[in-house]
Every structure is written in structure tokens, then in C-alpha cells.
Amino acid sequence: MTVKTITLPFRYDQVGSLLRSSNLIEAREQYKAEAITQEQLINVENNEIIRLIEKQKENGVLAITDGEFRRSWWHFDFLGGFDGVEYYEKDKGLDFHKMETRKEGVRIVGKVGFTTHPFVQHFEFLKQHAGGSVVKQTIPSPNMLIRRVDMNDKVYQDKEEFKQDIIAAYQKAIQAFYDAGCRYLQLDDTAWADLFSAEGHEKLRAKGLDPAEELKLMQQMINETIANKPEDLTVTMHICRGNYKSNYFTSGGYDYASKVIFGGLNVDGLFLEFDDERSGSFEPLKYVNRTDLKIVLGLITSKAGELEDKEKIKARIQEAATYVPLEQLCLSPQCGFSSTEEGNILTEEQQWNKLRFVKEIAEEVWG
């Protein structure tokens with residue numbers, strides 16, 4: 001069998017979200033206060049995204065994104081665009097380490113499906129203005145819908161039907177992005193993190209869920225969702241432990257789920273958090289069993305502005321290379337810089353310094 005040569009992810013890449021500009025923050029506040037119209041807000045978004053595209057190019061970023069500038073959340077805005085899914089205000093936010101998020105979420109109000117989605121038009125705008133650069137579309141994984149919504153039993157009594165409707169909706173969404181010109185798609189997923197610690201397992205069991213069965217389910221959701229993807233569409237997945245105002249919601253290494261994540265998923269690349277001790281060791285990488293699977297090491301934190309010790313980062317790359325050949329490895333920040341519109345606690349200048357730092361290290365390691 002011929003192994004497909006993968007050119008994506010890039011040797012130095014990014015997860016996708018970027019700090020919102022001051023102009024955009026002001027416009028979104030004005031819109032919430034009904035001081036400007038939606039059309040005026042969109043005009044500001046358009047102008048800021050065009051500026052952001054050029055800023056990424058200036059700083060050597062190869063995989064251009066819109067910074068998720070049109071979103072409030074990295075996941076809820078997309079999930080709420082499916083048929084049968086509603087964005088709403090909750091009584092309680094998500095519990096992060098030492099803080100609670102805004103009280104918003106999504107819920108099921110009808111049969112899940114896909115007819116159209118504003119994110120497709122958002123991608124078309126990005127591609128139109130990115131010139132000849134590679135553009136990356138980021139969307140939440142299907143696991144975020146099956147695991148994170150408040151399910152209405154009046155809509156779905158059968159979890160298998162719910163699962164198949166999600167898969168079908170995602171398959172249609174992926175095809176829509178492809179038809180719009182997308183060739184680089186990233187699935188963002190925090191659901192895996194529930195499997196990385198004893199505390200996470202306890203939370204699952206408290207919901208009546210078995211960790212081993214959930215592991216199988218999440219594998220199935222990913223693999224079936226991308227089973228029919230076009231051959232020239234690169235699909236990667238970013239596994240995250242939470243990112244809200246430079247904070248996180250869970251810790252733990254990849255060990256429990258490592259055989260599935262590294263040996264049982266049909267994605268083309270994995271963006272992995274490895275920026276601190278919360279992510280565990282590189283040892284689970286020993287389960288990588290494909291030579292065409294790119295492993296993107298998230299060794300540079302997006303949660304703080306100070307630059308890491310370059311030599312220590314290089315040493316960690318070499319350590320990872322004892323488990324996976326160096327040529328299969330890439331480098332990126334461990335997460336986006338602004339998974340929600342609030343953003344992490346660092347400046348725009350520090351953000352760009354980080355992205356240039358990733359490029360500098362990658363060029364020194366791989367040439």
C-alpha cells in the first residue's frame with residue numbers, strides 16, 4: 001500500500017485562536033449594548049481579520065487562520081450553528097481551576113443536522129483575503145457535541161440515534177468546508193481530558209458513564225466523522241485540557257487513552273499539549289504506529305508571555321524523538337491564545353514573540 005505523503009501540519013504551526021484586537025473588543029461591546037448594528041460589527045470583524053492575516057504573514061505563520069475573531073467561544077459558536085442545537089445562557093459556567101467561566105452553553109432542541117452554517121462563509125472570506133497562503137479552519141470535535149451538551153430527553157431517547165445524527169451532520173459540514181476550498185481542517189477536543197486522571201474518571205462515573213466505553217465512543221466519533229473525507233483534505237486534532245483566561249480545567253498525562261489516541265485514530269496529525277507537568281511524559285508516544293502521522297509538540301505555552309528556554313525546548317524535542325522519528329515531529333504553542341474572546345493573560349506583542357519563537361526553534365532543529 002502506498003503511504004500518502006503529508007505536508008501538513010507545518011514544521012512550525014499554530015493551534016488557531018489569537019488575541020482579539022482592541023478595535024474588535026470595543027465593537028463587540030458596542031454591539032452587545034446595541035450601540036452599533038450587526039452589519040457594523042461584521043465590517044469591523046472583516047477589517048480586523050484582513051489586518052490579522054497580514055500580521056500572521058509578517059511573523060512567519062504558515063497556516064493562516066482568522067484567529068477565531070468572529071467567535072465568543074472556540075466551540076459553542078460552531079455547535080450552536082447546527083440544526084437542532086441552540087446557544088443559550090446557563091445558570092452556571094464551566095468549572096476551571098480556581099475560576100468559573102461565563103454562564104453560556106448549547107443544548108439540543110431538535111434533531112441534529114446540517115443544512116448551512118455561517119462558519120462556511122467565514123472560511124470563504126478568510127481564503128479570499130489570504131492570497132496564496134494555506135488557510136486552516138478550526139472547529140470543535142464531534143465529541144464536544146455528544147459530551148458537552150445538555151441533552152433534552154424529549155428529542156433523543158436513543159443515544160445511538162443521537163450519535164449517528166452528529167456524525168452525519170459533521171460529515172456534511174466537512175464536505176461544505178471542502179467545497180468552499182478548505183484543505184486543512186482541525187478538530188479541537190477537550191473531551192479526551194476527562195480520561196487523563198482519576199478525578200476525570202470519577203466525574204464520568206458520577207454521570208453514569210464508563211471511562212472505557214467513553215474511550216471507544218470518542219474513537220468512533222472521530223473515525224466515522226472523517227471516514228469519507230476527500231483524500232486531499234488534511235484533518236488534524238488538537239487535544240486540550242482547557243484554556244480560559246490563562247487557566248485550565250484538568251490535568252493528567254495521555255497514558256490511559258494513549259493506545260487509542262496514538263494508534264487508533266485516523267487523523268493526519270495530532271496537536272498535543274506538552275508545555276508543563278500537567279501533560280505527563282512523552283512515553284505514551286511509543287504507541288504511534290504510523291509513519292504518516294504528524295505529532296505536533298505543544299511545548300511553547302500560550303498561557304504566559306515569557307519566552308521559554310530555547311535549549312530546554314530543543315532538548316525536549318530530542319527526548320520526544322526517542323519515541324517518534326524526528327521527521328514526524330512538529331512544533332507549536334500548546335493551545336490557542338484566545339480560546340474565548342476574553343483571551344489569555346499576555347500582550348499581543350508577547351503572542352507574536354511566541355509564534356516567531358516557534359519558527360526560530362523549528363528552523364534550528366529541522367533546518
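**Figure 1. The open sheet and its order of strands.** In this predicted model, an open sheet of 6 strands is arranged in the order β7-β8-β9-β10-β11-β12 with parallel pairing; strands (E, at least two residues) and helices (H or I, at least four residues) are DSSP runs numbered from the N terminus, and two strands pair if DSSP finds at least two bridges between them. The edge positions are taken by β7 (137-140) and β12 (329-333), each of which has a single partner strand, so one side of each is left without a neighbour in the sheet. On average, and with direction ignored, neighbouring strands of this sheet are turned by 25° against each other, where axes are lines fitted to C-alpha atoms, for helices over the stretch in contact, and angles run from 0 to 180 degrees between N-to-C directions. Residues are numbered from 1 along each chain as its sequence is written, and side-chain values use heavy atoms, with hydrogens and water left out. Local features need pLDDT of at least 70 and side-chain atom pairs count only at pLDDT 80 or more, whereas totals for chains, interfaces and linings use all residues.

**Figure 2. Strand pairs within the sheet.** Strand β9 (residues 234-239) pairs with strand β10 (residues 269-273) in the parallel sense over 4 bridges, and I239 stands opposite L272 in β10. Strands β11 and β12 also run parallel and are joined by 5 bridges, with P333 in β12 as the bridge partner of I300. In β12, 5 of the 5 residues are buried, so this strand is largely enclosed by the rest of the structure; buried means under 20% relative accessible area, exposed over 50%, and partly exposed in between, with a 1.4 Å probe and protein chains only.

**Figure 3. Helices on the sheet and the packing of α6 with α8.** Helix α6 (residues 159-179) packs on the sheet, where α6 touches β7 and β8 (184-189) and its direction makes about 170° with that of β7; contact means heavy atoms within 4.5 Å. Helix α11 (residues 348-366) lies across β11 (294-300) and β12, and runs at about 165° to β12. Helix α6 also packs with helix α8 (residues 211-225) at an angle of about 35°, their axes being 9 Å apart. From α6, K159, K163, Q164, I166, I167, Y170, Q171 and I174 meet E214, L217, Q220, M221, E224 and T225 in α8. Sorted by class, this contact of α6 with α8 has 6 nonpolar, 4 polar and 4 charged residues, with Ala, Val, Leu, Ile, Met, Phe, Trp, Tyr, Cys and Pro counted as nonpolar, Asp, Glu, Lys and Arg as charged, and the others, Gly among them, as polar.

**Figure 4. The largest nonpolar core and the surroundings of W192.** The largest nonpolar core has 100 residues, of which F82, W192, I295 and L297 touch the most other members; such a core is a set of buried Ala, Val, Leu, Ile, Met, Phe, Trp, Tyr and Cys residues joined through side-chain atoms within 4.5 Å. Helix α6 gives the most to this core, with 10 residues. Apart from this core lies another, of 8 residues, among them L8, A63, V296 and C330. Leaving aside neighbours within four places in sequence, W192 is in contact with residues including N143, L215, M218, Q219, M237, I239 and I261. I261, found in helix α9 (residues 258-263), counts as buried at 1% relative accessibility. Not counting residues up to four places away in sequence, I261 touches W192, F196, I239, Y254 and L270, and the C-alpha atoms of I261 and I239, 22 residues apart along the chain, are separated by 9.6 Å.

**Figure 5. Backbone features at P9, E34 and E68, and the contacts of F69.** Most residues other than glycine have a negative phi, and most peptide bonds are trans. A cis peptide bond with omega of about 0° joins L8 and P9, and P9 is found in the segment before α1 (22-32). E34, in the loop between α1 and α2 (38-58), has a positive phi of about 60° although E34 is not a glycine, and counts as exposed at 73% relative accessibility. E68, in the loop between β1 (63-64) and α3 (76-79), has a positive phi near 60° but is buried, with a relative accessible area of 4%. F69, found in the loop between β1 and α3, counts as buried at 0% relative accessibility. Residues up to four places away in sequence not counted, F69 touches L18, L19, R20, S21, L24, R28, E45, E48, I49 and L52; the C-alpha atoms of F69 and I49, 20 residues apart along the chain, are separated by 7.0 Å.
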